[in-house]
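Please walk me through this structure in the viewer, one selection at a time. Tell me what to pick next and what is there.

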Amino acid sequence: MNNPYLPYPVRIAEIRVETEDKNLRTFKFEFLNPGDEEKFAYLPGQFAELSVPGQGEIPIGIASSPTEKGFVLFTVNRVGQVSSWMHNMKAGDVMGIRGPLGHPYPLEELRGKNVVIIAGGFAVTTLRSTITWLLQPENRPNYGKITFIYGARSPGLLLYKEEWMAWEKRDDIDVFVTIDREVPNWGYKVGFVPAVTKEVCPPPENTAAVICGPPVMIKFTQPVLEEAGYKPENIIMSLENRMKCGLGICGRCNVGPEYVCKDGPVFTLAQLNKLPKEY
Amino acid sequence: MSDFEPKIVAFFCNWCTYGAADLAGVSRLEYPPNFRVVRLPCTGRLNPKFIMEAFKRGADGVWVSGCHPGDCHYIAGNYHARRKFILLHQLLESIGVEPDRLRFSWISSAEANKFQAIARDVVEHVKACGPNLAFRKEELKLGLAEVA
Amino acid sequence: MPEYIAKKSALTDFFKALSAGRRLLTPQGAGDQCRLAETAPDQVKLDYVNTHMSPKTLFFPQTEKLMAFHKDASKPDANIYSCAGDKAVPTVVFGLRPCDARGLSVANKVFQNDRFTDPYWKGKFDQTVSVGLACAAPAPQCFCAAMGGSPYGLTGLDILAFRLEGGDLGLKAGSEAGEALLKDLKLESADLAAVFNSQQAAAIQAQGVAPDYRPIDEANLMALFQDPHWLSTAENCLNCGVCTFFCPTCHCFDIQDEQDEKGGVRMRNWDTCMSWLFTVHGTGHNPRPSKTERVRQRFMHKLKYIPLKQDGVRGCTGCGRCVAMCPVNIDIRAVALKMCQSSAPSQA
Amino acid sequence: MPALEDVAKKIRESAKRLLAEGRAEVVVGYRRGTIPLTTAPFFARTAEECDQLVWSNFARINLANYLPGRKKVALVAKGCDARSAVGQVVENQIPRDELYVIGVPCTGMVDNALVAAKEPRPIREVVETTDDSFTLKGEGYSVEVRKEEVLRRNCRTCAHRTPKLADELAAPEVPGATPDDFADIKALASKTPAERLAHFKDLIKDCLRCYACRNACPLCYCPICFVDETRPQWLGKSNDPMDTLTFHLLRGLHCSGRCTSCGACETVCPVNIKVREFNRILELTVQKEWQYEPGLSWDQKPPLTMFQTDDAAEFIK
């Protein structure tokens, strides 16, 4: 019987320090067993449990896109026991990943629409996956205008610099990267994400917004979008809660009757408006 | 049990016993190597859960040593510690931990000879108790056939 | 389907046949020592109230190993988890109370949900034949009928036994597997429908007038959630979690790794929504920071969230354990009534 | 033998008066339970709510547990509970002037396990009018039980049944019982260490680690209990006997010199573990070493917050 608790063994192929405070590292994993990569078939927005033997598991959004073959990427913030342990691991070490878990962003339903993607801080991980996926030649024609708004406190806290700099050069995506306060030699925007959103977000007609960020950013960006005329059905968010099983069984991540792990983590604002704010 | 070499976790105050161990070493006073030393700023820092953790993870003995009463670097740390030790000592003895598994001593940084003597004594007594099989966590049952 | 009779004089033979090729578990011991234990066919008791703990322990023990790894670096699979769960043993459990059987069927839909199947639960669940014993006389804390069940209910059971005058056991199938098994046992068949129905009616009546909790089913989720009564409902709660540990439908668990020099195991242990630690984020943010939210979570889960997810079936089966065990007498019946009032249209 | 209803009347009168005078904003007392043999902690904030306050032979929970952090609170307290409340004032969990103690001299509370042992038939109703006996009723039976036969262990040896430091008493003073002689604890010395360890492991073998004992204890008010600490995590969460034993030992140590033997921990234990065994070992030591009993004065310092330069500890060489 398929055991959804059992992680696929993976080898750390590469570790990249993402931020200047060194609290975020991106882990590139390669599957040890042939066939596991195919079994781990995922879509942008899904997450996985990263498993360190003897230490435990942590639920982390998948940062790579399924169109990137041969590896999967996860960006891990140093917070607790497992993530701190992972920050001391090296390329070549063996651990496990379990998933994919949760539902992806509803990219199928967004076909034909404009998409505005709003990210704050290190919550950009699954949005990196989304943009990478959208920009694939086989996918890009299926979508309208794509706008990417990404903010962090300072330049050193922005993830995936190479990627977003490359996206910026393209003409099939509008990229707006912002930091909270002006610093010398900063060639991009300055200001909080809600303010930048107000300034650059496209009209709501035939457009959906995907937001991922810290609670305070979401709290102030959501009204901006609603004022701009976005309907709650077209505002898509990804929630986080403490999780263990990831399978909708162990009981802790529920928001009302919905389990963030199994029924989420992706919800529309319309769905969330009907649920308790227990996240 | 003659070849049984106990594992003993030693909690030493930085200002006295830890120095005494150092001095004993420098003075080439031989003492048994069965200790894993945890250096504390003061025995007052010793939370009983540290001792429990040592036993839980399979230590055969625990040795706590600090400054003589009145000599605390922090004036009263070891006086407070002493009251804790009185209770802990009584509690563990009452619930059935062999008294020889848990040792307390006062050794100043000058007392290298006392350190050597007590270190030998602690090991001897823990050896006499034999391995700690009862006051520790159960061994994990992996259930993997290939692991002996 | 006809019913069957196991004669008083041949009960031992019945239990012997029932447990052929399986271990037989039945309630043994009295009062708070009453628990499911392996039983010889001639030692089955019929005069107990109910087991102290709920029978979820059968499929979901308090601590359960999920997988293990070794640290022998000379082997290629060092530090890689592999499945090491205990093998499920073919079992027949006799003497489940209908409330508990119904509870197991609720939990079963969580462990085998719309997306995932828990192999540890399923392994044991599938290997077990569930035989219930109907409750002719309810205990003081019983309220299964009020929660939509019956002391003679068949939900979650392969077979339900009920006592007949003179000491014989009436047997009624609750599932196809149960029906097949009863046929195999070559018992005398009989039409006991009338006896069954009158016994059931008397047993339900003995529980007293059942309050009507349907307003909760009809109420708006957020109206129930936001009602101010939760503050006073939770005020005396100790947040101990006894209710959750004893509940037949509570299924929450924690996953923990432990290791030593040779290897490590990943296990799951019962957890409780009453615990502060249950929901706290790595950042320190806690979506359910005080006991008020945690108490609300438990009752909303039982009486609103589970019904929403399981076609109206409540997560409380009226076994009464939490009522009997709560140190501060938080009575789910009283809480349910408060929820009914909070959902009244005048206040919604 | 004061009638329970008379005591309840006094409690209600006091509660109403304190609320009316503004001396208290909430009165923490007991109400009737929804099932036999129980009461429930109850928080009265209006005169109307005060009418639900009762006194009973089943008022076991120590309500001082609800004090930390509260303001303007009146507490219905037995001897042991009042001592816990005093301890909380001493330990700065509640300022003295925010607390008003309605003391109830107590002749002990009932151990339901002993009742169940005496009367295994289902009990549908309990009738209690006085504090020395009560009547159990069930299907076709009615039996009277004398309370002293089913008292909790801690109540049988309670020397401080009258809450002497209460602001007022709701019933006449009662004499204390003969104090605990700790005979069983002292007798442990005649057993071998292996026998003692086996005894204590057996004692806690059914422990579910629900921590009801901790949560019911008025001494356990740490914002984060050591069992919930995660970095490092001091206790495994499985049912390993050593983890369970560690919990009970450390809980005992944390309560040493502060425990008033209110018995709340044993009362709430869902599997009837005599968890006070660990506390009693330490209680005996505290009494022997430092002649200290907690909760008997407003300005007494707990023994573990102080020391004597000549504290005797022969075992430290």
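**A strand in chain B and a chain contact**

Select B:S65 and B:S105: B:S105, in strand 4 of chain B, is the bridge partner of B:S65. The model is a predicted one.

Now widen the selection to strand 3 of chain B, residues 61-66, together with strand 4, residues 102-106. These two strands run parallel and are paired through 5 bridges. Add helix 3 of chain B, residues 77-94, and the three elements form a right-handed β-α-β unit.

Next, select strand 1 of chain B, residues 8-13. Strand 1 is also parallel to strand 3 and is joined to it by 5 bridges. To find one position along this pairing, pick B:A10, which lies opposite B:W63.

Return to strand 3 of chain B and show its side chains. In a regular strand, side chains alternate between the two faces of the sheet. On one side here are B:G61, B:W63 and B:S65, on the other B:V62, B:V64 and B:G66, and all are buried. Because 6 of the 6 residues of strand 3 are buried, the strand is largely enclosed by the rest of the structure.

Leave chain B and show chains A and C. Here 38 residues of chain C contact 35 residues of chain A. On the chain C side, the elements giving two or more residues are strand 4 (63-70), helix 2 (98-111), helix 7 (221-226), strand 11 (253-259) and helix 10 (291-309). Select strand 11 of chain C, which supplies the largest share, 6 residues. Coloured by type, the residues on this side of chain C are 22 nonpolar, 10 polar and 6 charged.

Notes: Residues are numbered from 1 along each chain as its sequence is written. Chains are lettered from A and ligands numbered from 1 in the order in which they are written. This is a predicted model: local features need pLDDT of at least 70, side-chain atom pairs count only at pLDDT 80 or more; totals for chains, interfaces and linings use all residues. A residue is buried if 20 or more other C-beta atoms lie within 10 Å of its own, exposed if 12 or fewer, and partly exposed in between; C-beta atoms are placed from the backbone. Helices (H or I, at least four residues) and strands (E, at least two) are DSSP runs, numbered from the N terminus. Two strands pair if DSSP finds at least two bridges between them. A crossover is right-handed if, with the strands pointing away from the viewer, the path from the first strand over the helix to the second runs clockwise. Two residues are in contact if their C-beta atoms, placed from the backbone, lie within 7 Å. Ala, Val, Leu, Ile, Met, Phe, Trp, Tyr, Cys and Pro count as nonpolar, Asp, Glu, Lys and Arg as charged, and the others, Gly among them, as polar.
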